[in-house]
Amino acid sequence: MNFRSLEDFWAFYVNQHSKPSTRRWHFAGTLLSIVLFVYSLLFNWWFLVFVPICGYGLAWYSHFFVEGNVPVTFGHPFWSLLCDFRMFGLMLTGKMDREIKRLGKRPILQGF
């Protein structure tokens, strides 16, 4: 798929993360990647190897086994990474449901 802008891709990206549990797996993967990145900078640079393994591993798990789709990272790796961090920030600040509504989606209510 071709997208004219990051904002166009963002709408598609959000649609590909329609289930709350998929978004939570992404959040966990992004958080773990950030923690491992900081740890590797401060203590042991070999831990950099685990940054993409943990981040992508948890995210891809959520797509294959929770959402039931193919990760958009395969077709748009850079934009997907940017959107991962955007979604992480919106989830961290509690604004992701509002963003889903803004894009015309309805969040699926589900227990953690």
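I will talk about a cavity in this structure and about helix 3, which helps to line that cavity.

Please keep in mind that what we are looking at is a predicted model. Rolling a probe the size of a water molecule over the atoms shows where empty space is left. In this structure one cavity of 30 Å³ or more turns up, and the largest cavity holds about 40 Å³ of space.

Which residues line the largest cavity? The lining is made of Y13, H17, H26, A59, W60, H63, P71, V72, T73, S80 and D84, and two elements, helix 3 (50-67) and helix 4 (77-92), each give two or more residues to it. Helix 3 gives the most, with three residues. If we sort the lining residues by character, we find five nonpolar, five polar and one charged.

Let me now turn to helix 3 itself, which has 18 residues and reaches 24 Å from its first C-alpha to its last, close to the 26 Å expected at 1.5 Å a residue. Its buried residues, meaning those under 20% relative accessible area, are V51, G55, A59, S62, H63, V66 and E67. Seen down the helix axis, the buried residues of helix 3 fall within an arc of 120 degrees, so they line one face of the helix. These buried residues pack against helix 2 (20-42), whereas the face of helix 3 turned away from the buried side carries the exposed residues I53 and F65.

Finally, if you follow the chain just past the end of helix 3, you come to G68, which takes a positive phi of about 80 degrees.

Conventions. Residues are numbered from 1 along each chain as its sequence is written. This is a predicted model: local features need pLDDT of at least 70, side-chain atom pairs count only at pLDDT 80 or more; totals for chains, interfaces and linings use all residues. Side-chain values use heavy atoms; hydrogens and water are left out. On a 1 Å grid over the protein atoms alone, a cavity is a set of points where a 1.4 Å probe fits but cannot get out, and a pocket is an open set with protein on both sides within 12 Å along at least five of seven lines; lining residues have an atom within 4 Å of a point. Grid points are joined across faces, edges and corners, and a volume is the space filled by probe spheres set on the points. Helices (H or I, at least four residues) and strands (E, at least two) are DSSP runs, numbered from the N terminus. Ala, Val, Leu, Ile, Met, Phe, Trp, Tyr, Cys and Pro count as nonpolar, Asp, Glu, Lys and Arg as charged, and the others, Gly among them, as polar. The expected span of a helix is 1.5 Å times one less than its number of residues. Buried means under 20% relative accessible area, exposed over 50%, partly exposed in between (1.4 Å probe, protein chains only). The arc is that of the directions from the helix axis to the C-beta atoms. Contact means heavy atoms within 4.5 Å.
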